[in-house]
Amino acid sequence: MTFNVQITHRCDDGARVQRDLVDVADLGKSVTGAEDIGLTLAEAKALLSELQRLVVEKQIERYVAEQRPCPRCGRCRRLKGHRRVQFRTVFGSIELRSPRLYRCRCEQSAERTFSPLGELLGDHVAPELAYLEAKWASRVSFAAATALMREVLPVAPTTNPESVRQHTYRVARRMESELGEEQTMFVDGCQAEREALPPPDGPLTVGIDGGYVRGREGKSRTEGHFEVIAGKSIRFDGSAKCFAHVHKHDRKSKRRLFELMTSQGFQMNQQVTFLSDGGETVRNLQRYLSPEAEHMLDGFHVTMRLTVLRQTAKGLPEHLPAAASGELLRELERLKWLLWHGNLYRALPLIEQIVEELDSADENGSGGEERTVRKLRRRLVELSAYLEANLEFIPNYSDRYLHGERISTGFVESTVNQVVSKRFVKKQQMRWTAEGAHLLPQVRTRELNGDLDETFRHWYPRFRTDDATDQVAVVS
């Protein structure tokens, strides 16, 4: 049997109605097996591609005709010439005749001519295609996203990983262009103005950490790693949003975090708890964002350093007095207890005491014994410097834990894995520029936050809206 698919075009213009009947496809279908039932993917792609071409050509023909009259005096604008342009859509690339028109004498403009399609089509990529490319490229590699789209959609044959990458970066750059100016301080108003604000719904908890990405500037594949800062902001009701940026490339890192918090309903009288690993980069990022901010050193990073110390201490020679009696391990346990309760005034002297004991043991040791002692001593000195640098950010972890408050950035570790590792590091052989590693997470975090659709609707008001779908009616 043969199925003939036709399309009818109706152009309503007052009392005049024009109808065009155009053949789209002839489908010869016979049934010899289950694989013959219904449309195949290839048939559906060919049908959609031809249907898209006919619809776009009619739309553009009507749009260009509407642009010929001058909007001020109604006089028909003169035609200068035509050129061929490509418009890339989800259902194929379509070649269009793009006219160039002379502006009317009554129009006030420095340019004598203009292109109606140039103003309409912009970068010549349909918003639906740009959205799908950005969405899938933020989840999987550019090559995998390209293969997926070419498998299920009649996209242009020229679609390749490089074009998908460029289109994704174009979306990210547009997002970046809409970000406000950077500021050193975002605290607004005086205390009286903040007290006049309505009570906030609840506190915010912001965790910040980082992950490393293989850079392209290195001399080899094992060199040139750089850090991508990632974080998550959690509301009192459990809803969360994440963000990411490359510190060395980004010039609006504070603005980025502030806008994220604002999108969650942040106001200046709201309590905010910042947790970080104590690095100088993240410390500077979270300063002066809120007058009610509380800054904390992540308890996980402190515990991790203490665990390394314990494992190193277990490798000390048994004939050393401190190791033989187990006194050193007991002192490290005591150190852990003091830090758990935020007692730095006793923890720091205890570290100095342990270092002095190791110095005396180092004088009597030799060979492997000496190296182990020095390794433990070096790590203790590093821990002491780390604690002193974050002296004001170490709370009583025990008290916070008993009251059900967050004490670690475990939720940020998962965010780093979700934002950075899964797309950039694990099983990925690609090396990145700082710009590329910064732009792609902007799209990826919008997608993870569920804001990518809203971003496109901000640019294109009728993108995936109910008003657009209401115009589709299936005739039975």
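Student: Which helices and strands each supply at least two residues of the lining of the second largest pocket?
Tutor: This is a predicted model. One strand number appears in the list, β8 (240–246). The helices come from separate parts of the chain numbering: α5 (161–177), α7 (253–263), α16 (434–449) and α17 (452–459). The set is therefore α5, β8, α7, α16 and α17.

Student: How many residues line the second largest pocket, and which lie nearest its centre?
Tutor: The space in this pocket is about 560 Å³. Its lining counts 21 residues. Those nearest the centre are Leu179, Glu259, Arg446, Asp451 and Thr455.

Student: How does the lining of the second largest pocket divide by class?
Tutor: Three classes are counted: nonpolar, polar and charged. The lining has 6 nonpolar residues, 7 polar and 8 charged.

Student: Thr168 lies in helix α5. Is Thr168 buried or exposed?
Tutor: Buried means under 20% relative accessible area. Thr168 has a relative accessible area of 0%, so the residue is buried.

Student: Which residues is Thr168 in contact with, leaving aside its neighbours within four places in sequence?
Tutor: Two of the partners are Leu440 and Val443. The others are Glu133, Ala134, Ala137 and Phe142.

Student: How many residues of β8 are buried?
Tutor: Strand β8 is mostly covered. Of its 7 residues, the buried ones number 6.

Student: Over how many bridges do β7 and β8 pair?
Tutor: The pairing is antiparallel. Val228 has Val246 in β8 as its bridge partner. Gly231 stands opposite Phe243, also in β8. The count of bridges between β7 and β8 is 7.

Student: Which residue in the turn between β7 and β8 has a positive phi?
Tutor: The two strands form a hairpin, with 5 residues between them. In the turn, a phi of about 95° belongs to Gly238.

Student: Which strand pairs with β7 over 10 bridges?
Tutor: Strand β7 covers residues 225–234, and 8 of its 10 residues are buried. Gly231 in β7 has Ile208 standing opposite. The antiparallel partner over 10 bridges is β6 (residues 204–214).

Student: What is the strand order in the open sheet of 3 strands?
Tutor: Strands of a sheet pair through backbone hydrogen bonds, either parallel or antiparallel. Here the pairing is antiparallel. The edge strands, each pairing on one side only, are β3 (79–89) and β5 (113–114). The order is β3-β4-β5.

Student: Which residue stands opposite Thr113 in β5?
Tutor: β4 (residues 92–102) and β5 pair in the antiparallel sense over 2 bridges. Opposite Thr113 stands Tyr102.

Student: What angle does the direction of helix α1 make with that of β4?
Tutor: Helix α1 (residues 41–67) packs on the sheet. It touches β3 and β4. Its direction makes an angle with that of β4 of about 10°.

Student: Which residues is Leu48 in contact with, leaving aside its neighbours within four places in sequence?
Tutor: Leu48 sits in helix α1. Its relative accessible area is 35%, so Leu48 is partly exposed. Its C-alpha lies 9.4 Å from that of Val24, a residue 24 places away in sequence. The contacts of Leu48 beyond four places are Phe91 and Pro154.

Student: What phi does Tyr288 have?
Tutor: Most residues other than glycine have a negative phi, and most peptide bonds are trans. Tyr288 is in the loop between α8 (280–286) and β10 (293–297). It is partly exposed, at a relative accessible area of 44%. Although Tyr288 is not a glycine, its phi is positive, about 60°.

Student: What phi does Arg464 have?
Tutor: Arg464 lies in the loop between α17 and α18 (466–469). Its relative accessibility is 37%, so Arg464 counts as partly exposed. Arg464 is not a glycine, yet its phi is positive, about 50°.

Student: How many helices and strands does the protein chain have?
Tutor: The chain has 476 residues, and 41% of them are buried. Among contacts between residues at least 6 apart in sequence, 62% join residues at least 24 apart. The count is 18 helices and 10 strands.

Technical notes:
Residues are numbered from 1 along each chain as its sequence is written. This is a predicted model: local features need pLDDT of at least 70, side-chain atom pairs count only at pLDDT 80 or more; totals for chains, interfaces and linings use all residues. Side-chain values use heavy atoms; hydrogens and water are left out. On a 1 Å grid over the protein atoms alone, a cavity is a set of points where a 1.4 Å probe fits but cannot get out, and a pocket is an open set with protein on both sides within 12 Å along at least five of seven lines; lining residues have an atom within 4 Å of a point. Grid points are joined across faces, edges and corners, and a volume is the space filled by probe spheres set on the points. Helices (H or I, at least four residues) and strands (E, at least two) are DSSP runs, numbered from the N terminus. Ala, Val, Leu, Ile, Met, Phe, Trp, Tyr, Cys and Pro count as nonpolar, Asp, Glu, Lys and Arg as charged, and the others, Gly among them, as polar. Two strands pair if DSSP finds at least two bridges between them. Contact means heavy atoms within 4.5 Å. Axes are lines fitted to C-alpha atoms, for helices over the stretch in contact, and angles run from 0 to 180 degrees between N-to-C directions. Buried means under 20% relative accessible area, exposed over 50%, partly exposed in between (1.4 Å probe, protein chains only).
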